[in-house]
Amino acid sequence: MSSRTLPLLFLNLGGEMLYILDQRLRAQSIPGEKARKDEWTDVDRKRVMNDIIATMFNKKFMEELFKPQELYSKKALRTVYDRLAHASIMRLNQASMDKLYDLMTMAFKYQVLLCPRPRDILLVTFNHLDAIKDFVYESPAILNQVDETFRQLIETYTCLSDGEFQLIRQTLLIFFQDMHIRVSIFLKDKVQNSNGRFVLPISGPVPWGTEVPGLIRIFNHKGVEVKRTEFTTAGNYVTPQREGSFELYGDRVLKLGTNMYSVSRPVETHMAGSSRNTASHAKVSSTAPNPLAKEELNLLARLLGGLDIQKPGGGETGFRLNLFTTDEEEENAAQTRPEELSYKVINIEATQERREELSRILGELEVAEPHPDSAGKGEDLLALMDGL
């Protein structure tokens with residue numbers, strides 16, 4: 001497992017989260033002069049995006065994130081995204097938060113699988129950050145936060161060897177290996193099967209620095225080529241024109257990690273049968289002692305302790321955002337989703353002292369309170385750590 005994987009995982013999943021939220025907020029927004037107090041406007045959308053991005057790229061939080069550390073459980077990381085998604089006036093109920101996280105994880109899993117080279121995972125990350133900068137181009141202070149993280153990525157990762165990037169890719173694939181959630185966009189584009197597994201292409205550009213397959217060279221003991229044999233390949237391969245830029249500004253060439261929601265279309269998620277079985281097995285075995293429990297708790301304490309979420313004045317209750325087409329669909333999803341796949345409660349085996357420490361940290365993380373003019377636009381999320 002690579003100790004340099006967490007920043008790439010967090011930033012790419014965070015980028016996908018912002019794509020989804022922006023698309024849903026735009027779809028549900030009403031022109032300001034026509035909107036009621038309980039309806040979204042474009043001003044609300046920009047405020048939500050700015051608040052979340054400012055929290056996500058908080059300097060103290062980024063410092064903790066970039067420290068070499070191992071990945072821990074999906075539920076531990078999920079807790080961070082719950083906090084992050086509610087860093088503004090927006091409120092998501094459990095079903096919508098589950099769907100949001102499913103979309104985030106499956107999109108990035110697909111991008112990791114399709115990367116021509118392990119090093120191209122960094123270009124995928126840069127694509128996400130380029131798009132995030134477009135979200136906050138009118139806010140210089142937040143834009144500077146994103147640029148600082150950009151520079152830190154360049155400094156930390158561009159000097160790594162191909163072998164180290166291969167280890168990062170393997171660590172990411174291990175993290176995603178049991179997740180097979182069907183997403184309507186992927187199903188309609190025929191890049192995902194009905195069992196939730198992705199269909200990988202056998203044609204297209206080969207990785208930068210490699211040759212199109214179809215030729216076998218034979219060398220003698222002196223290293224001199226003595227024979228060539230050509231063979232027919234099943235795919236239609238091409239040589240890439242140029243390598244993507246690893247600089248702060250530049251053409252990434254690779255399109256993985258760009259916003260696939262820029263064209264509005266409904267997105268649904270469904271649990272594949274294999275995922276249900278895997279999750280059920282995980283639930284049965286969850287009673288066994290977890291040797292990483294203490295480390296997971298420390299990870300949460302460090303990461304969440306770095307989330308400097310602002311608490312503006314006012315007594316508004318927050319806007320409610322629905323990631324489903326109707327409220328009925330959202331309620332049905334909450335009722336039909338297997339209990340073991342819900343992330344509302346995070347159970348971590350730890351000493352009482354450690355539990356109290358984490359509860360104290362979580363208690364200090366206040367989410368933004370909505371503006372008085374927005375009263376009635378939603379409900380507060382239930383406490384994430386109930387039952388800890």
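**Exercise 1. A salt bridge within one helix**

Asp 42 and Lys 46 both belong to helix 2 (residues 42-56), four residues apart, about one turn of the helix. The structure is a predicted model. Determine how far apart the closest N and O atoms of Asp 42 and Lys 46 are, and state how exposed each residue is.

*Solution.*
Step 1. An α-helix has 3.6 residues a turn, so residues three or four places apart point the same way.
Step 2. The closest N and O atoms of Asp 42 and Lys 46 are 3.8 Å apart. A salt bridge requires a side-chain nitrogen of Lys or Arg within 4 Å of a carboxyl oxygen of Asp or Glu, and Asp 42 forms a salt bridge with Lys 46.
Step 3. Asp 42 has a relative accessible area of 32% and is therefore partly exposed. Lys 46, at 35% relative accessibility, also counts as partly exposed.

**Exercise 2. Salt bridges between separate parts of the chain**

For the salt bridges of Asp 98 with Arg 78 and of Arg 252 with Asp 130, state which parts of the chain are tied together.

*Solution.*
Step 1. In the pair of Asp 98 and Arg 78, the closest N and O atoms are 3.2 Å apart. Asp 98 lies in helix 5 and Arg 78 in helix 4, so this pair ties together parts that are 20 residues apart in sequence.
Step 2. Buried means under 20% relative accessible area. Asp 98, with 3%, is buried, and Arg 78, with 0%, is buried as well.
Step 3. In the pair of Arg 252 and Asp 130, the closest N and O atoms are 2.9 Å apart. Arg 252 is in the loop between strand 6 (237-238) and strand 7 (269-271), while Asp 130 is in helix 6, so the pair links parts that are 122 residues apart in sequence. Arg 252 counts as buried, at 3% relative accessibility.
Step 4. Salt bridges that share partners also join Asp 22, Arg 26, Asp 42, Arg 45, Lys 46 and Glu 138 into one network. The whole structure holds 19 salt bridges.

**Exercise 3. The length and buried face of helix 8**

Check whether the span of helix 8 (residues 162-176) agrees with its number of residues, and explain how its buried residues are arranged around the axis.

*Solution.*
Step 1. Helix 8 has 15 residues, and at 1.5 Å a residue it should span 21 Å. Its end C-alpha atoms are 21 Å apart, which agrees.
Step 2. The buried residues of helix 8 are Phe 165, Ile 168, Arg 169, Thr 171, Leu 172, Phe 175 and Phe 176.
Step 3. Viewed down the axis of helix 8, these buried residues fall within an arc of 160°, so they line one face of the helix.
Step 4. The cover over the buried residues of helix 8 includes helix 1 (6-28), helix 4 (74-85), helix 5 (94-114), helix 6 (120-135) and helix 7 (140-157).

**Exercise 4. Two valines compared**

For Val 146 and Val 226, decide whether each is buried or exposed, and describe the surroundings of each.

*Solution.*
Step 1. Val 146 lies in helix 7 and counts as buried, at 0% relative accessibility.
Step 2. Apart from neighbours within four places in sequence, Val 146 is in contact with Ile 53, Phe 57, Leu 129, Ile 132 and Lys 133. Its C-alpha atom is separated by 9.6 Å from that of Lys 59, 87 residues apart along the chain.
Step 3. Val 226 is placed in strand 5 (residues 225-230). At 53% relative accessibility, Val 226 counts as exposed, since exposed means over 50%.
Step 4. Val 226, with Ile 216, Ile 218, Val 224 and Phe 231, makes a nonpolar surface patch of about 420 Å².

Technical notes. Residues are numbered from 1 along each chain as its sequence is written. This is a predicted model: local features need pLDDT of at least 70, side-chain atom pairs count only at pLDDT 80 or more; totals for chains, interfaces and linings use all residues. Side-chain values use heavy atoms; hydrogens and water are left out. Helices (H or I, at least four residues) and strands (E, at least two) are DSSP runs, numbered from the N terminus. The expected span of a helix is 1.5 Å times one less than its number of residues. Buried means under 20% relative accessible area, exposed over 50%, partly exposed in between (1.4 Å probe, protein chains only). The arc is that of the directions from the helix axis to the C-beta atoms. Contact means heavy atoms within 4.5 Å. Patches are made of residues with over 30% relative accessible area and no salt bridge: like charges are joined within 9 Å, nonpolar side chains (Val, Leu, Ile, Met, Phe, Trp, Tyr) within 5 Å. Accessible areas come from the Shrake-Rupley method with a 1.4 Å probe; for residues, only the protein chains shown count as cover.
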